[in-house]
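Colleague: Could you take me on a close look at one part of this model, the sheet in chain A? I'd like to hear how its pieces fit together.

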Amino acid sequence: MPDAVRCDGLTRTFGEVEAVRDVSFTVGTGELFGLLGPNGAGKTTTLHMLTTVLEPSSGTASVLGFDVKRDGAGVRSVMGMVFQEPALDDRLTAHENLAMHAVLYAIPRHATRERIARALSWASLENEARRPVRTFSGGMKRRLELARALMHEPKVLFLDEPTVGLDPQARRHLWESIRALRGEGLTVFMTTHYLEEAEDCDHVAIMDHGQVIALGSPTELKGRLEGETERSLEEVFLELTGRELRDEAATPRARLLAFGRRGGEHTR
Amino acid sequence: MSAQASASAPTRVGAAPRSPLDPRVAASFWRRELLRYWRDRSQIFGGFSRTVLWLIILGFGLGAALREIEGYSYAQYILPGVVTLNVLFASLQSAIAIVWDREVGLLREVVVSPAPMFSVALGKVLGGATVAMAQGTIPLLFAPIIGVQLSVTKVLLAWCVMLSMGVLLTSFGVIIAARMRTFEGFGSISNGIIQPLYFLSGAIFPIRGIIGGVGFLAIPDALRLQLQKYGIYSIGSGWVVQLPIWLRVLVYANPVSYELDLLRDVLLGFRQLIMAADLGVALGLPLIATAVAARAMRRMYKR
């Protein structure tokens, strides 16, 4: 059985900037793995390389034995992904969005109807199925996206900051869902900067300035720093990454989102 | 679980590659464009308001001063131009939506899915072109008001030209949008792409031809006879126009000019350019543009 995720010396440069440098780790099948780090640490870039969105500048990575560079199609066929911002078509209904997904993953026509129904009930959105997604709350969209990512029965699920912008109820519901999925043997790989969420992971990697600076189970990491006995993962995190504020310039994506929130014309 | 994964596990190779042409994917992205268009009534409203402004207000307004162009009223002359303007807007609007779609929309879903991007691009371009045909049909509804007789054949041929124009312009828009990092307003697209293509296509002025007289040159017969007594002969109320050379070069360089010329031939039976050139552009260029657009969409993420 190949490892769920394996990367070795993974590096990505954007022009002069080394966003990710020499990152290596392994995620076993069925694990919940958390990639932690402050903003701009390189978490999303790493995730994008693992999910074939970006090509690595050097190093190798594989998902369930499929090489991300040579066999991107193989990687894509066994994984599911939920992006940080919703990747839905706002003007289409929940049902139509799921139907597009079925087409993208070549789910046979005869099975599509049943899979969509199952996804809608999983997301508790049966009654909102015919409503355009633009009328949904953040929590409803996230539920829909998670249900969609599971529709083609992936073996590895990638989640990029899955709980950002959710209220406590939605966050709790999401965690319960993730726990239930793990019970079924799914490998979950997530990025987060909420430390209390990372406590639940089997293993975490802490990234900063494009490099992995700590790797292990939450208990191991807490024990690694000498001193007081009861330390939260948050204290460990701040100890490792420093306390200065991380300011980032707004990316084109952030600017686009801000424009959309202001009611930008001709976009959605 | 180890920090240094050194072993090189044998890499699996599998998952039969899907053919770049997946009709189901292309069809669902085509349908998506139509659904989005149908649910955005502001676009349909824009099609009507542009038609009223250009065809009726400008057509009759400028038509009052400029009597005719080669025997056609000014409103009749610009009818194919207004169709083209609607096609331009619809195509570019549909294409530019991929900037949003790529960063925070459904297109991100496509990138992490095993679906072939070529088919997605094909569906996108054909969908954009179909919406453009619908928008381009709006000015044809006004044809009776300006005295243009339409027939089934004329409308079918006009749709063929609109399809060609829509595919060309949506692809062109996709090629531009694939390079845009961010998008904060349609104004720059409108001023920077749509209007130059429109004004330099011979849509609102002829490349050359006999123009019917401007108001003050339409001399009453009594005055004409009186002037003749003094040996002054007016040459009717028309003159031959020829665009300045630099402007002519720009019009000839604009592919939209040829598509529009073909459309004007179909709708009015009036052509200013060589038929072979018109057909060459209308049949060949959209295919090339689609191929380039599909390639641009495939490479969009791997920057």
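Modeller: Happy to! Let's start in the sheet, with strand β3 (residues 32-36) of chain A and strand β9 (residues 203-208) of chain A: they run parallel and are joined by 4 bridges. Within that pairing, Leu35(A) has Ala205(A) of β9(A) as its bridge partner. Keep in mind that this is a predicted model.

Helix α6 (residues 168-183) of chain A packs on the sheet, where it touches β3, β7 and β8 (187-192) of chain A. The direction of helix α6(A) makes about 150 degrees with that of β8(A). Another helix, α5 (residues 138-150) of chain A, lies across β6 and β7 (156-160) of chain A and runs at about 170 degrees to β6(A).

Now for the whole sheet. It is open, has 6 strands with mixed pairing, and follows the order β6-β7-β8-β3-β9-β10 in chain A. At the edges stand β6 (79-82) and β10 (211-216) of chain A; each has a single partner strand, so one side of each is left without a neighbour in the sheet. From one strand to the next, the twist averages 15 degrees.

As for confidence, the predictor gives the complex an ipTM of 0.85 and a pTM of 0.85. If you move on to chain B, its mean pLDDT is 85, with 83% of its residues at 70 or more. Confidence in chain B is highest in helix α5 (residues 117-141) of that chain, at 97, and lowest in its strand β2 (residues 238-242), at a mean of 59.

Note on methods. Residues are numbered from 1 along each chain as its sequence is written. Chains are lettered from A and ligands numbered from 1 in the order in which they are written. This is a predicted model: local features need pLDDT of at least 70, side-chain atom pairs count only at pLDDT 80 or more; totals for chains, interfaces and linings use all residues. Side-chain values use heavy atoms; hydrogens and water are left out. pLDDT is the predictor's confidence in each residue, from 0 to 100. Helices (H or I, at least four residues) and strands (E, at least two) are DSSP runs, numbered from the N terminus. Two strands pair if DSSP finds at least two bridges between them. Axes are lines fitted to C-alpha atoms, for helices over the stretch in contact, and angles run from 0 to 180 degrees between N-to-C directions. Contact means heavy atoms within 4.5 Å.
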